[in-house]
Amino acid sequence: MENKSLGIVGPPYSGQLPAAARLLLLTSGKRVSQVVHLVAELDIASRLADGPRTAAELAEDTGSHTESLARVLRAATAIELLKELPDGTFALTPLSEMLRGDNPDNVRDIVLFNGGELVGAALAGAMHTVRTGEPAFEHVFGVPFFEYLQTDQESGALFDRAMEHMSRVTARGLTDKIRPERFSLMVDVGGGRGHFLGALLRRTPLTQGVLFDLPGVGPEAERTLAELGVAGRAKFVAGDFFQEVPSGGDAYVLKAVLHNWDDEAALKILSRIGEAMTAGEHSRLFIVEQVIGPSNQWDHAKLLDLDMMIRFGGRERDLWEWRGLIEKAGFELVDTPSTGAWSVLECRRAS
Ligand code: SAH
């Protein structure tokens with residue numbers, strides 16, 4: 001299934017190779033992602049923005065060991081991340097263009113987060129999850145993921161930036177579907193730094209917004225709302241969505257939030273929203289998530305589901321599971337959402 005927003009068509013390595021060779025290629029995935037991560041971490045793409053350079057020049061710039069870096073760069077040419085020219089210099093390719101700091105669509109922060117210590121160590125502990133059903137993250141780091149992020153500012157900021165990039169890439173089609181001009185007060189619950197709420201409010205001059213998230217996100221969120229020019233109509237409110245969410249909204253947004261949680265916790269969040277939402281017939285809850293497609297086909301959501309399981313004890317859900325959860329919380333779907341990429345599940349109070 002195609003993820004249109006990021007162009008992921010997968011599955012990777014599905015060429016005409018014999019079965020054993022394909023299998024061994026799949027087990028090389030960690031090395032491949034480590035090459036991408038090293039190139040991103042050393043910001044090689046930005047350093048090549050003005051033209052091709054040698055490994056020695058790049059090593060000097062990045063404080064690296066020349067021969068070792070040259071071998072990483074050569075490996076990067078094997079996966080079309082870089083291109084080696086006849087004079088021995090290295091140049092950008094369409095893939096590494098997406099790591100350039102000056103490319104507004106770059107996905108560098110997502111790459112850094114995905115290939116970083118937090119995700120890596122949790123994935124390495126996956127067997128714990130398989131044996132016990134508990135999130136490996138907590139087993140490895142001693143505290144739940146979001147609690148950890150509140151204490152490790154650097155990782156917290158990287159996670160927020162990665163989510164922000166994701167939001168920016170996916171925002172366009174999603175705001176079309178939501179049509180924010182229908183609403184007077186939109187509350188983005190677990191809204192992160194506010195890029196999505198900002199995108200919604202920028203489409204319509206009259207709608208007001210509330211961005212609700214944990215206190216640690218506040219300063220960055222306020223800066224983002226100001227940068228997007230919506231600070232006059234949107235405020236940040238800190239709190240815990242298991243306790244209470246800001247009331248009086250005629251639209252609530254939960255984007256990439258419920259997949260972090262198991263059904264019991266997700267139901268609690270949905271119930272808090274049910275209590276807070278205005279009674280009007282036009283009031284809506286928008287759940288922006290992936291909807292898992294049928295078995296036996298490529299679907300990025302099936303991998304994201306493992307991240308959710310290992311990191312949070314959360315899950316991606318298929319349409320049947322979404323319906324069950326939404327109906328238990330006293331809402332109903334307005335229409336049938338699409339599968340295979342980020343999707344908008346538009347809900348109203350059940351009649
Ligand atoms: N909606 C944003 C962020 C999704 S990540 C986006 O799509 O980019 C999930 C968000 O839930 C994070 O910003 C995290 O800080 C927030 N969150 C986690 N636990 C929370 C809680 N108990 N109360 C409020 N927000 C919480």
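**Entry 1: the nonpolar patch**

I began on the surface, where helix α16 gives the most to a nonpolar patch, with three residues. A reminder to myself before going on: this is a predicted model. The patch covers about 450 Å², and M127, V130, L303, L306 and M309 make it up. I then looked up which helices each supply at least two of its residues, and they are α9 (126–132) and α16 (300–311). I picked L303 for a check, and L303 sits in helix α16. Its relative accessible area is 44%, so L303 goes down as partly exposed.

**Entry 2: the ligand site**

Next I went to the ligand. How many residues surround the ligand? I got 17, and the closest are G190, D213, D240, F241 and K255. By residue class, the shell around the ligand divides into eight nonpolar, six polar and three charged.

Then I took the contacts one by one. D213 reaches in with its side chain: one of its polar atoms lies 2.6 Å from an oxygen atom of the ligand. For F241 I noted a backbone N or O atom, 2.9 Å from a nitrogen atom of the ligand. G239 also uses a backbone N or O atom, and there the distance to a ligand nitrogen is 3.5 Å. As for cover, the ligand has 570 Å² of accessible area on its own, and the protein covers 94% of that.

**Entry 3: strand β6 and the loop after it**

I looked up V253 and found it in strand β6 (residues 251–255). Is V253 buried or exposed? I have V253 down as buried, because its relative accessibility is 0% and the cut-off for buried is under 20%. I also ran a distance from V253 to R74: the two are 179 residues apart in sequence, and their C-alpha atoms are 45 Å apart in space.

A256 caught my eye on the backbone check. Its phi is positive, about 55°, although A256 is not a glycine. A256 lies in the loop between β6 and α15 (263–276). With a relative accessible area of 16%, A256 is buried.

I wrote down D43 for a positive phi as well; the value is near 50°, and D43 is a residue other than glycine. D43 belongs to the loop between α2 (29–41) and α3 (44–47).

**Entry 4: salt bridges**

I counted the salt bridges in the structure and got 21. I opened a few of them.

R100 and E97 meet through their side chains, at 3.2 Å from N to O. I checked how covered each partner is: R100 is buried, with a relative accessible area of 17%, while E97 is partly exposed, with a relative accessible area of 30%.

R161 pairs with D109, and the closest N and O atoms of that bridge are 3.3 Å apart. Which helices does the R161 and D109 pair tie together? R161 lies in helix α12 (residues 153–178) and D109 in helix α7 (residues 108–114), so the bridge joins parts that are 52 residues apart in sequence. The accessibility values put R161 at 31%, partly exposed, and D109 at 10%, buried.

R315 and E321 also make a salt bridge, at 4.0 Å from N to O. Here R315 is partly exposed at 35% relative accessibility, and E321 is partly exposed too, at 29%.

I also found a network of salt bridges that links R47, R53, E57 and D61.

**Entry 5: H195**

I closed the page on H195, which is found in helix α13 (residues 195–202). H195 has a relative accessible area of 14%, so I marked H195 as buried. What does the side chain of H195 make a polar contact with? I found the side chain of E164 there, at 3.2 Å.

Definitions and conventions:
Residues numbered from 1 in each chain as written. Predicted model: local features only at pLDDT ≥ 70, side-chain atom pairs only at ≥ 80, totals over all residues. Heavy atoms only, no water. Near = heavy atom within 4 Å. Polar contact = N/O pair within 3.5 Å; in protein donor to acceptor, adjacent residues only side chain to side chain. Areas by Shrake-Rupley, 256 points an atom, 1.4 Å probe, with all protein chains shown as cover. Nonpolar A, V, L, I, M, F, W, Y, C, P; charged D, E, K, R; others polar. Patch = residues over 30% accessible without salt bridge, like charges linked within 9 Å, V, L, I, M, F, W, Y side chains within 5 Å. Helix = DSSP H or I, 4+ residues; strand = E, 2+ residues; numbered from the N terminus. Buried < 20%, exposed > 50% of the residue type's maximum accessible area, 1.4 Å probe, protein only.
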